[in-house]
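This report covers annotated spans, two helix contacts and one loop residue.

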Amino acid sequence: MQVASDVAALEQLETPVPRKVKPERFRSFKKYWDLYLIMLPGFAYFIIFKYLPMGGIVIAFQDFSAFAGIRGSEWVGLTHFRNMFMDSEFYSVFKNTLLISLYKLVWGFPGPIILALMLNEVRNMLYKRSIQTLVYLPHFLSWVIIGGILINVLSPSTGIINQLLGMIGLEPIFFLGSKEWFRTILVASDIWKEVGWGAIIYLAALSSIDPQIYEAAVVDGANKWKQLIHITLPSLMGTIVILFVLRLGSVLDVGFEQIFVLYNPLVYDVADVIETYVYRTGITQAQYSFTTAVGLFKSVISLILVVLANKAARRLGQDSLW
């Protein structure tokens, strides 16, 4: 017994003491330090322009004065929120925001998917790349430039559209001054500008589908339509759901610059949205606290929609953000 215990003690002495292992995250940081360095500008952008300004939300609960500052302004609680819900103009603005956003979601969200599916079927690479370049270009144009183009093209006196209408005996239409046409112009121009850029993600997802699946489907007698229904769309479903959830997060952001460039007093009833309302009331009339309350209300609604859409995606067995 004594000999066995001595041997065990000797083995313990001969066993080297393990070195302290560094945490995995520190090893990862040391190995990929250059990638973390590249990420710093992105982090700085979100911290400076997205998170730090959130401290200004407190003025929604104050009667804010630029001279007294945040610390010296009087606290009024939920007064501005009550005023918001009692303002009849706010309901009109909120209705316009929902309608325009709904139109853009219904007509604009499927656009990049359809374009990506069509481009995916093009086999001539030169033609395919030329089309891709042409549909991507509008994304890089500002709404100021596009607004100038639309104003000239849709002009009731010199616009090419109204000249064509005149050639077939129809009266000219003031598209940007017509309540019946303005929302259609907004949605159509937004789709034209962003459809090519939005198709990039779907084209990347399509390129990851194994070609052998299509080959097996052809052997089984599946035509192009059946391949689309049973292979392509199910493979894209995860990407579609995630982008749809992200889109709902900005459902009340209908595009301030676009509307501000194109609208005019003739179409305020159908074109005035939360963003232009906040600009006109908050900046030009200096009602900072009231418009901050409006912006906070919009952000809360967007957050609720994202959470509900993400929960619905999980319930349906699809990929979700968290």
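In this predicted model, residues 32–52 have end C-alpha atoms 28 Å apart, and the span is 90% helix and 0% strand. The stretch is one of those covered by the UniProt annotation "transmembrane region", which comes from an unreviewed entry and also includes residues 102–122, 134–154, 160–177, 228–246 and 288–309. The same kind of record, an unreviewed UniProt entry, gives "domain: ABC transmembrane type-1" for residues 94–309. End distances and helix content for three annotated spans are set out below.

| Span | End C-alpha distance | Helix | Strand |
|---|---|---|---|
| Residues 32–52 | 28 Å | 90% | 0% |
| Residues 102–122 | 31 Å | 86% | 0% |
| Residues 94–309 | 21 Å | 75% | 0% |

Two helix contacts involve α11, which spans residues 182–207. One partner is α6, residues 88–108, whose axis comes within 10 Å of that of α11 and crosses it at roughly 40°. An angle of this size makes α6 oblique to α11, and the crossing is right-handed. On the α6 side, the contact is made by Asn96, Leu99, Ile100, Tyr103, Lys104, Trp107 and Gly108. Facing them in α11 are Arg183, Leu186, Val187, Asp190 and Ile191. By class, the residues of this contact are seven nonpolar, two polar and three charged.

The other partner is α9, residues 143–153, with an axis that comes within 12 Å of the α11 axis and crosses at roughly 130°. The two helices, α9 and α11, are therefore oblique to each other. Here too the handedness is right-handed, as α9 passes α11. Trp143, Ile146 and Leu150 of α9 meet Ser189, Asp190, Trp192 and Lys193 of α11. The residues in this contact comprise four nonpolar, one polar and two charged. Asp190 takes part in the contact of α11 with α9 and in that with α6.

Beyond α9 lies a loop leading to α10 (160–167), and Thr158 is placed in this loop. Is Thr158 buried or exposed? Its relative accessibility is 55%, and because exposed means over 50%, Thr158 counts as exposed. Leaving aside residues up to four places away in sequence, Thr158 touches Asn152 and Gln163. Pro172 is 14 residues from Thr158 in sequence, with a C-alpha to C-alpha distance of 10.0 Å.

Note on methods. Residues are numbered from 1 along each chain as its sequence is written. This is a predicted model: local features need pLDDT of at least 70, side-chain atom pairs count only at pLDDT 80 or more; totals for chains, interfaces and linings use all residues. Side-chain values use heavy atoms; hydrogens and water are left out. Axes are lines fitted to C-alpha atoms, for helices over the stretch in contact, and angles run from 0 to 180 degrees between N-to-C directions. Helices (H or I, at least four residues) and strands (E, at least two) are DSSP runs, numbered from the N terminus. Angles under 35 degrees count as roughly parallel, over 145 as roughly antiparallel, 65 to 115 as roughly perpendicular and the rest as oblique. A crossing is left-handed if the near helix is turned anticlockwise from the far one by less than a right angle, and right-handed if clockwise. Contact means heavy atoms within 4.5 Å. Ala, Val, Leu, Ile, Met, Phe, Trp, Tyr, Cys and Pro count as nonpolar, Asp, Glu, Lys and Arg as charged, and the others, Gly among them, as polar. UniProt positions are given in the numbering used here, feature names are shortened, and annotations may be inferred rather than shown by experiment. Buried means under 20% relative accessible area, exposed over 50%, partly exposed in between (1.4 Å probe, protein chains only).
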